[in-house]
Amino acid sequence: MTGDAPDPLKDALDLQIRVRSLKALLELQRWQIEVLNDRLYSSDPGGTAARRLLALKRSETEPLQAPQAVNDP
C-alpha cells in the first residue's frame, strides 16, 4: 500500500469518533435546554417573572397587526 491510498478502516474510525463527539455535544445541549426550561417554567415567582419577560420580548419582535372588527371574517 502506498501512503496516498485511502484507508477505509481509518476513515471509519474517524467517522465513529466524530459521531461520538456529536452525540456528546447533543447530550450537553439537551441538558442545557432542560436546565433553561426548568428555570423558565418553574412554579416559583422567579419562573413566573421569566415567563412574562419572555412573552414580552416575543411580542416586541412580532410585527404589529391591526385588530379585526367584530364582523370581519
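The protein chain folds into two helices and zero strands in this predicted model. The chain has 73 residues, and 3% of them count as buried. About 7,100 Å² of the protein chain is exposed. Carbon and sulfur atoms supply 60% of that area.

**Helix H1 and its nonpolar patch**

Helix H1 covers residues 8-40. Leu22 has its place in this helix. Is Leu22 buried or exposed? Leu22 is exposed, because its relative accessible area is 56% and the cut-off for exposed is over 50%.

Leu22 also belongs to a nonpolar surface patch. Its partners there are Leu25, Leu28 and Trp31. Together, Leu22, Leu25, Leu28 and Trp31 make a patch of about 430 Å².

**Salt bridges**

How many salt bridges does the structure hold? There are two. One joins Asp14 to Lys10, and the other joins Arg30 to Glu27.

| Salt bridge | N to O distance | Residues apart in helix H1 |
|---|---|---|
| Asp14 and Lys10 | 3.1 Å | four residues |
| Arg30 and Glu27 | 2.6 Å | three residues |

Take the pair Asp14 and Lys10. Their closest N and O atoms are 3.1 Å apart. Why are Asp14 and Lys10 separated by about one helical turn? They are four residues apart in helix H1, so about one helical turn lies between them. Asp14 counts as partly exposed because its relative accessibility is 29%. Lys10 is also partly exposed, at 46% relative accessibility.

Now the pair Arg30 and Glu27. Their side chains meet at 2.6 Å, N to O. Both residues lie in helix H1, three residues apart. That spacing is about one turn of the helix. Arg30 is partly exposed, with a relative accessible area of 40%. Glu27 counts as partly exposed too, at 45% relative accessibility. Neither value passes the exposed cut-off of over 50%.

**Leu40 and Leu53**

Leu40 is found in helix H1. The helix spans residues 8-40. How accessible is Leu40, and what does Leu40 count as? Leu40 has a relative accessible area of 27%, so Leu40 is partly exposed. Buried would need a value under 20%.

How far apart are Leu40 and Leu53 in sequence and in space? In sequence, Leu40 and Leu53 are 13 residues apart. In space, the distance is 9.7 Å, C-alpha to C-alpha.

How values were computed
Residues are numbered from 1 along each chain as its sequence is written. This is a predicted model: local features need pLDDT of at least 70, side-chain atom pairs count only at pLDDT 80 or more; totals for chains, interfaces and linings use all residues. Side-chain values use heavy atoms; hydrogens and water are left out. Patches are made of residues with over 30% relative accessible area and no salt bridge: like charges are joined within 9 Å, nonpolar side chains (Val, Leu, Ile, Met, Phe, Trp, Tyr) within 5 Å. Accessible areas come from the Shrake-Rupley method with a 1.4 Å probe; for residues, only the protein chains shown count as cover. Buried means under 20% relative accessible area, exposed over 50%, partly exposed in between (1.4 Å probe, protein chains only).
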